[in-house]
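Here is a walk through one protein model. Keep the sequence and the 3D view side by side.

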Amino acid sequence: MTAFSLELVPRISRAQSMDALSSQASAAGYKAVLMAAGRLGKFFPMMMTAAGTIPPARVLVMGAGVAGLQAIATARRLGAVVSAYDVRPAVKEEVQSLGATFIELALETQEGEGGYAKEQSEEFLRKQRELIGEHVAKSDVVITTAAVPGRRAPLLVTGEMVKGMRPGSVIVDLAADTGGNVELTKAGADVEVGGVTIIGTRNVPSTMPLHASQLYARNVANLLLHLVKDGAIVLDFDDEITKGSCVTHDGEIVNERAKQMAAAPTK
Ligand SMILES: NC(=O)c1ccc[n+]([C@@H]2O[C@H](COP(=O)([O-])OP(=O)(O)OC[C@H]3O[C@@H](n4cnc5c(N)ncnc54)[C@H](O)[C@@H]3O)[C@@H](O)[C@H]2O)c1
């Protein structure tokens with residue numbers, strides 16, 4: 001059996017039209033903001049009314065990859081004051097270009113391979129939580145999207161940090177499916193702690209099925225078009241996209257990460 005995985009398609013410019021992680025992350029980032037706005041008992045924009053002026057909501061986005069950037073853009077369109085944090089300093093300009101403030105922490109910044117974050121040490125994550133705590137406490141909405149490919153989501157927000165937030169605040173944990181960025185997240189459920197709602201909806205792109213499916217279908221079609229020449233499947237394993245996205249071929253697991261996972265002892 002020759003098997004391909006869309007999540008293994010390399011994140012290179014040539015493969016962008018096949019990148020299902022990106023298309024689905026965009027849908028998730030957008031929807032996360034709407035879920036938070038729907039739950040928050042406050043306006044997002046500043047409102048100047050005859051009955052008084054209402055300050056804008058403060059939104060913090062943690063993890064500024066594809067989902068995070070889409071969340072920032074959506075929250076800005078709704079008029080919120082947005083700040084964002086990521087371990088990769090490279091995203092600072094992208095965050096700022098969307099009109100958000102990039103939070104810089106006094107931590108040694110880290111970047112892994114291929115533009116991804118690498119897994120951080122427990123010590124790094126502990127310091128990170130300490131420093132980001134004050135920003136979390138000031139926010140009306142926190143949207144967490146931090147992920148490290150093939151690993152459990154890093155823990156960014158502890159139960160203590162949630163208790164430091166104002167009642168009525170809302171957290172949307174887009175990493176709920178991979179262990180959660182928030183300690184108290186319950187995947188597939190909403191929990192309330194001290195008046196703070198933590199939304200742990202699974203598979204958020206499926207809550208906007210029409211466009212999520214349309215984009216996913218295009219990703220699949222573009223990968224197939226890449227693998228098929230003149231009506232026949234032609235597998236060129238010298239090609240980065242074909243090689244990168246193939247999991248099994250010729251009776252072997254050919255993908256390195258899948259190989260390691262298959263060899264690892266089952267718990
Ligand atoms: N085809 C392409 O060229 C292409 C397509 C999409 C994305 N990309 C790039 O791939 C990269 C990752 O994108 P993604 O959205 O899939 O990432 P992802 O879903 O794996 O992770 C989301 C974000 O979480 C961040 N993160 C990880 N650990 C963190 C921590 N402890 N604290 C705070 N943030 C943390 C990551 O840096 C990342 O920005 C980006 O550089 C993006 O520009 C390239």
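Leaving aside its neighbours within four places in sequence, which residues is threonine 158 in contact with? The model to search is a predicted one. The partners are Arg129 and Glu183.

Now place threonine 158 itself. This residue sits in the loop that runs between strand 7 (141-144) and helix 5 (159-163). Threonine 158 has 17 C-beta neighbours inside 10 Å, so it counts as partly exposed; the buried class begins at 20. Asparagine 181 is 23 residues away from threonine 158 along the chain. Their C-alpha atoms are separated by 8.7 Å.

Turn next to the interior. Nonpolar side chains tend to be buried together in soluble globular proteins. Here the largest nonpolar core holds 55 residues. Ala32, Val61, Ile72 and Ile143 have the most contacts inside it. Helix 1 (residues 20-39) is the element that gives the most to this core, with eight residues. Another core, of six residues, lies apart from it. Among its members are Phe4, Val9, Ile241 and Cys246.

Stay with isoleucine 72 for a moment. Beyond its neighbours within four places in sequence, isoleucine 72 is in contact with Val61, Ala64, Val82, Ala84, Val95, Leu98 and Ala100. Val61 is thus a partner of isoleucine 72, and both are on the list of residues with the most contacts inside the largest core.

Finish with helix 1. Its 20 residues reach 28 Å from first C-alpha to last. That is close to the 28 Å expected at 1.5 Å a residue. Is helix 1 largely enclosed or largely exposed? Of its 20 residues, 15 are buried, so helix 1 is largely enclosed by the rest of the structure.

Definitions and conventions
Residues are numbered from 1 along each chain as its sequence is written. This is a predicted model: local features need pLDDT of at least 70, side-chain atom pairs count only at pLDDT 80 or more; totals for chains, interfaces and linings use all residues. A nonpolar core is a set of buried Ala, Val, Leu, Ile, Met, Phe, Trp, Tyr and Cys residues joined through C-beta atoms within 7 Å. A residue is buried if 20 or more other C-beta atoms lie within 10 Å of its own, exposed if 12 or fewer, and partly exposed in between; C-beta atoms are placed from the backbone. Helices (H or I, at least four residues) and strands (E, at least two) are DSSP runs, numbered from the N terminus. Two residues are in contact if their C-beta atoms, placed from the backbone, lie within 7 Å. The expected span of a helix is 1.5 Å times one less than its number of residues.
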